[in-house]
Amino acid sequence: MSSLLVDDIGELVTNDAVGGEGGPLGIRRDAALLVEDGRVAWVGPARDAPAADRRVDAGGGAVLPGFVDSHAHLVFAGDRAAEFAARMAGQPYTGGGIRTTVGATRAASDDELRATVRRLRDEALRQGTTTIEIKSGYGLTVADEARSLAIAAEVSEETTFLGAHVVPAEYADRPDDYVGLVCGPMLAAAAPHARWIDVFCERGAFDADHTRAILTCGQAAGLGVRVHANQLGPGPGVQLGVELGAASVDHCTHLTDADVDALASTRVDGGHTATVATLLPGAEFSTRSPYPDARRLLDAGVTVALATDCNPGSSYTSSMPFCLALAVREMRMTPAEAVWAATAGGARALRRDDVGVLRPGARADLVILDAPSHLHLAYRPGVPLIRQVLRNGVPK
Ligand code: NIG
Ligand code: FE
């Protein structure tokens, strides 16, 4: 069993606030961290550090849990740069471009899709993301959804069946038939490769009845629930997600007081909400839309996660530091809240307790910053501050 000691840490963010010490981020100073077999084996004062086979010198930089990006759409072909340019010249975002990407994705080979997924996963890893959820949703046939998920599952255990992204063109005049396909043969082919099911619940995509039907059959097939909810306008998605016990409702840009109350009502022991609100500021940035109000959710006691929504249409960024900086500047989050939401919050949105935290037993997924404190992630936006990433204790 080989061991590795990370020391000369400027500030260690553990997200393990034992007895409230170190604030909500559980910050330790003069700390060191021992890794054994890909797991955190020990955290404590540097002067008490055990001997180890190898050493990683953090050089006075801050050490944080790796980012947990709980919402990304990496399986696609082509890009939609022209659509982005049109938006920046005044066109609105409607989600209609999803069908453009569906066409390109269906035409792509497995190896082309695989190369894109791996390129984006590696891009995210270089920016500190050590866990990434990956959705299907640009295939929308039985075979294309199944292969999208099989390819996603090669690089992540957090895979999500999003056959209900939009109704594809060939079903445009018979959406009920498409819902039947999603709940029947498509779910059967997708479920072996997926942990979660998701629906784009929005005007122009899937209404409340369709969303409930699809999420319920996904649950019956053993998948956990997440929802794209209230992105482009108010709607039933958030409350439906709460009703069905969703791990996360994502976007949450247009919320009523009843939506916020419903989320807050899922509070469980320990003060977190069973349904997390996952905010995706890259989408508002890239569609030039108003940002969700994280402060309102946090003040109501709702657990908030931050994720990239990486996709070729509404948010073509894989950068958690970028999203974190947006959340601080535009969504009334403090830097500490944003760091927590991008690490521990993402873990909660995926119902994971082995990532997003640095305590004995957790996965040794961590980032070393080229900066002395977590504050610099928002304070120095756009600067590549990720000096080194360890995943499962292995330097990348
Ligand atoms: O989360 N809202 C639905 N799905 C994606 C957008 C996909 C696209 O435009 O291609 C999202 O924003
Ligand atoms: Fe999305």
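Gln231 is placed in the loop between β13 and α7, where helices (H or I, at least four residues) and strands (E, at least two) are DSSP runs numbered from the N terminus. The model described here is a predicted one, in which local features need pLDDT of at least 70 and side-chain atom pairs count only at pLDDT 80 or more, whereas totals for chains, interfaces and linings use all residues. Residues are numbered from 1 along each chain as its sequence is written, chains are lettered from A and ligands numbered from 1 in the order in which they are written, and side-chain values use heavy atoms, with hydrogens and water left out.

At 7% relative accessibility, Gln231 counts as buried, a class that means under 20% relative accessible area, as against over 50% for exposed and in between for partly exposed (1.4 Å probe, protein chains only). The side chain of Gln231 is joined to that of His251 by a polar contact of 3.4 Å; such a contact is a pair of N or O atoms within 3.5 Å, of which, within protein, one must be able to donate a hydrogen and the other to accept it, while residues adjacent in sequence count only if both atoms are side-chain atoms. Asn230 is likewise found in the loop between β13 (224-229) and α7 (237-243), and with a relative accessible area of 1% this residue is buried. Although Asn230 is not a glycine, its phi is positive, at about 55°. Most residues other than glycine have a negative phi.

Gln231 also belongs to the surroundings of ligand 1, where Tyr93, Tyr138, His165, Gln231 and Ser314 come nearest of the 15 residues around the ligand, a residue being near a molecule if one of its heavy atoms lies within 4 Å of it. By class, this shell has four nonpolar, nine polar and two charged residues, where Ala, Val, Leu, Ile, Met, Phe, Trp, Tyr, Cys and Pro count as nonpolar, Asp, Glu, Lys and Arg as charged, and the others, Gly among them, as polar. Oxygen atoms of ligand 1 take part in several short separations from side chains: a polar side-chain atom of Tyr138 lies 2.6 Å from one, an N or O atom in the side chain of Arg80 lies 2.8 Å from one, and a polar side-chain atom of His73 lies 3.4 Å from one. The protein covers 100% of the 330 Å² of accessible area that ligand 1 has on its own, with areas taken from the Shrake-Rupley method with a 1.4 Å probe.

His73 is also one of the protein donors of the iron ion (ligand 2), which are His71 (NE2), His73 (NE2), His228 (NE2) and Asp309 (OD), lying 2.1 to 2.2 Å from the ion. Donors are N, O and S atoms within 2.8 Å of the metal (3.2 Å for Na, K and Ca), and water is not among the atoms, so sites may look incomplete. The spacing of the donor residues in sequence is H-x1-H-x154-H-x80-D. Because His73 lies in the loop between β8 (67-69) and α1 (81-88) and Asp309 in the loop between β16 (304-306) and α11 (320-330), the pair ties together parts that are 236 residues apart in sequence. His73 is buried at 2% relative accessibility, and Asp309 is buried at 1%.

For the chain as a whole, there are 13 helices and 19 strands. The radius of gyration is 20 Å, close to the 21 Å that the globule rule gives for 396 residues, so the chain is as compact as a globular protein of that length; this radius is taken over C-alpha atoms, and the rule is 2.2 Å times the number of residues to the power 0.38. The C-alpha trace spans about 70 × 45 × 45 Å along its principal axes, and buried residues make up 57% of the 396 residues.

Further local features were examined in other loops and elements. Thr303, in the loop between α10 (294-299) and β16, is buried at 4% relative accessibility, and a polar atom of its side chain lies 2.9 Å from the backbone nitrogen of Thr273. Arg288, in the loop between α9 (281-287) and α10, has a positive phi near 45° without being a glycine, and at 56% relative accessibility Arg288 counts as exposed. Pro45, found in strand β5 (residues 39-45), is partly exposed with a relative accessible area of 28%, and its C-alpha atom is separated by 6.0 Å from that of Ala32, 13 residues apart along the chain.
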